[in-house]
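Subject: Structure handover and what I found

Hello,

Here is the structure we talked about passing on. Please load it before you read the notes below.

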Amino acid sequence: TNGAIMANSPLGLVTACRPTEAYQLGFDLAWFTDGYAKSASAIMVAAVAAAMRPGCTVDEVIVSARDAHIDFTKRREGEHWPSFLYRYGPNLMFLDKALEIARDARDVFQIREPLYELLEWGHLFSEATHTLVVALSMFVAAEGDFEKSIIGSIMYGRDKDSYASVAGALAGAYRGDSEIRQDWLRTVVAANPSVDMDDYSRRLVEIIVKEH
């Protein structure tokens with residue numbers, strides 16, 4: 001399921017700058033999914049938390065999230081953690097290969113076809129590992145640029161709304177709200193009149209600032 005990975009980005013803001021803690025929170029609250037979909041969700045939370053660190057590079061965001069995933073696996077499964085790679089391994093295997101493609105190209109449009117070939121391993125594309133891999137690859141290829149991360153995810157096709165929501169959450173945490181186009185904001189706010197997301201987000205930021 002994509003449900004957890006698409007919904008959990010605020011958890012990374014609550015645990016800003018603490019990716020290991022963020023991973024645990026993301027894992028615990030992804031209660032309606034399991035297996036590698038659950039850990040994909042937690043990796044996303046850790047990435048958002050790492051992206052909030054002042055001066056953090058794009059590659060450092062990815063490394064921090066990856067390290068949080070491995071650290072959690074070792075703590076949860078103990079010395080026999082390699083035996084549980086069926087549960088934790090798919091995310092790392094596909095993510096590492098995809099990030100090599102993204103780092104070589106540094107172009108959200110050039111990585112589309114190579115990612116298609118890499119991820120052609122099943123008939124499901126509305127699925128958490130695909131979403132994690134495509135979104136983080138677009139974020140790296142765009143070098144953290146908010147608009148390019150989203151456009152690359154959308155132009156990738158397939159389950160593009162899932163990819164774009166995750167890539168946008170991560171790039172937004174990394175670059176800050178000043179990088180978000182005002183016309184995009186107005187469109188989203190107008191399409192969701194019953195929820196004051198601007199008010200929610202500002203109240204969330206107030207809590208984060210108070211906590212830190």
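The notes below cover helix packing first, then single residues.

This is a predicted model, so please read everything here as computed from it.

**Helix packing**

Two packed helices are described by the angle between their axes and the distance between the axes. Three pairs follow in those terms.

Start with helix 4 and helix 8. Helix 4 covers residues 35–51 and helix 8 covers residues 128–141. Their axes are 8 Å apart, at an angle of about 25°. Angles under 35 degrees count as roughly parallel, and these two helices are therefore roughly parallel to each other. Their crossing is left-handed. On the helix 4 side, the contact uses Tyr36, Ala37, Ala40, Ile43 and Met44. On the helix 8 side, Ala128, Thr129 and Leu132 take part. Sorted by class, this contact of helix 4 with helix 8 has seven nonpolar residues, one polar residue and no charged ones.

Next, helix 5 against helix 8. The axes are 9 Å apart and the packing angle is about 155°. That makes helix 5 roughly antiparallel to helix 8, since angles over 145 degrees count that way. This crossing, too, is left-handed. Helix 5 brings Val58, Asp59, Val61 and Ile62 to the contact, and helix 8 brings Leu136, Phe139 and Val140. By class, the residues of the contact of helix 5 with helix 8 are six nonpolar, no polar and one charged.

Third, helix 3 and helix 5. Helix 3 runs over residues 19–29 and helix 5 over residues 58–77. Their axes come within 9 Å and cross at roughly 65°. The crossing is right-handed. From helix 3, the contact takes in Pro19, Thr20, Tyr23, Gln24 and Phe27. From helix 5, it takes in Ser64, Ala68, His69, Asp71, Phe72, Arg75 and Arg76. The class count for helix 3 with helix 5 is five nonpolar, four polar and three charged residues.

**The buried face of helix 9**

Which residues of helix 9 are buried? In this helix, residues 146–156, they are Phe146, Ser149, Ile150, Gly152, Ser153 and Tyr156. Seen down the axis of helix 9, the buried residues fall within an arc of 165°, so they line one face of the helix. What do the buried residues of helix 9 pack against? Their partners are helix 7 (112–118), helix 8, helix 10 (160–175) and helix 11 (182–191).

**Two buried residues**

Ala46 sits in helix 4. Its relative accessible area is 0%, so Ala46 is buried. Apart from neighbours within four places in sequence, Ala46 is in contact with Pro19, Ala22, Tyr23, Ala65 and Ala68. For a distance check, use the C-alpha atoms of Ala46 and Val195. They are 149 residues apart along the chain and separated by 26 Å.

Ser9 belongs to helix 2, residues 9–14. Its relative accessibility is 18%, so Ser9 counts as buried. The cut-off for buried is under 20%. Not counting residues up to four places away in sequence, Ser9 touches Met44, Val48 and Ala169.

**Loops and positive phi**

Two residues other than glycine are worth a look for their backbone angles.

Arg106 has a positive phi, near 50°. Arg106 lies in the loop between helix 6 (85–105) and helix 7. At 32% relative accessibility, Arg106 counts as partly exposed.

Glu143 has a positive phi as well, near 55°. Its place is the loop between helix 8 and helix 9. Relative accessibility is 46% for Glu143, so this residue counts as partly exposed.

Glu143 also turns up among the contacts of Arg175. Arg175 is in helix 10. Is Arg175 buried or partly exposed? At 33% relative accessibility, Arg175 counts as partly exposed. Leaving aside neighbours within four places in sequence, Arg175 is in contact with Glu143, Gly144 and Asp145. The C-alpha atoms of Arg175 and Gly157 are separated by 24 Å, with their positions 18 residues apart along the chain.

Best regards

Definitions and conventions: Residues numbered from 1 in each chain as written. Predicted model: local features only at pLDDT ≥ 70, side-chain atom pairs only at ≥ 80, totals over all residues. Heavy atoms only, no water. Axes fitted to C-alpha atoms, helices over the stretch in contact; angles between N-to-C directions. Helix = DSSP H or I, 4+ residues; strand = E, 2+ residues; numbered from the N terminus. Parallel < 35°, antiparallel > 145°, perpendicular 65-115°, else oblique. Left-handed = near helix turned anticlockwise from the far one by under 90°. Contact = heavy atoms within 4.5 Å. Nonpolar A, V, L, I, M, F, W, Y, C, P; charged D, E, K, R; others polar. Buried < 20%, exposed > 50% of the residue type's maximum accessible area, 1.4 Å probe, protein only. Arc of directions from axis to C-beta.
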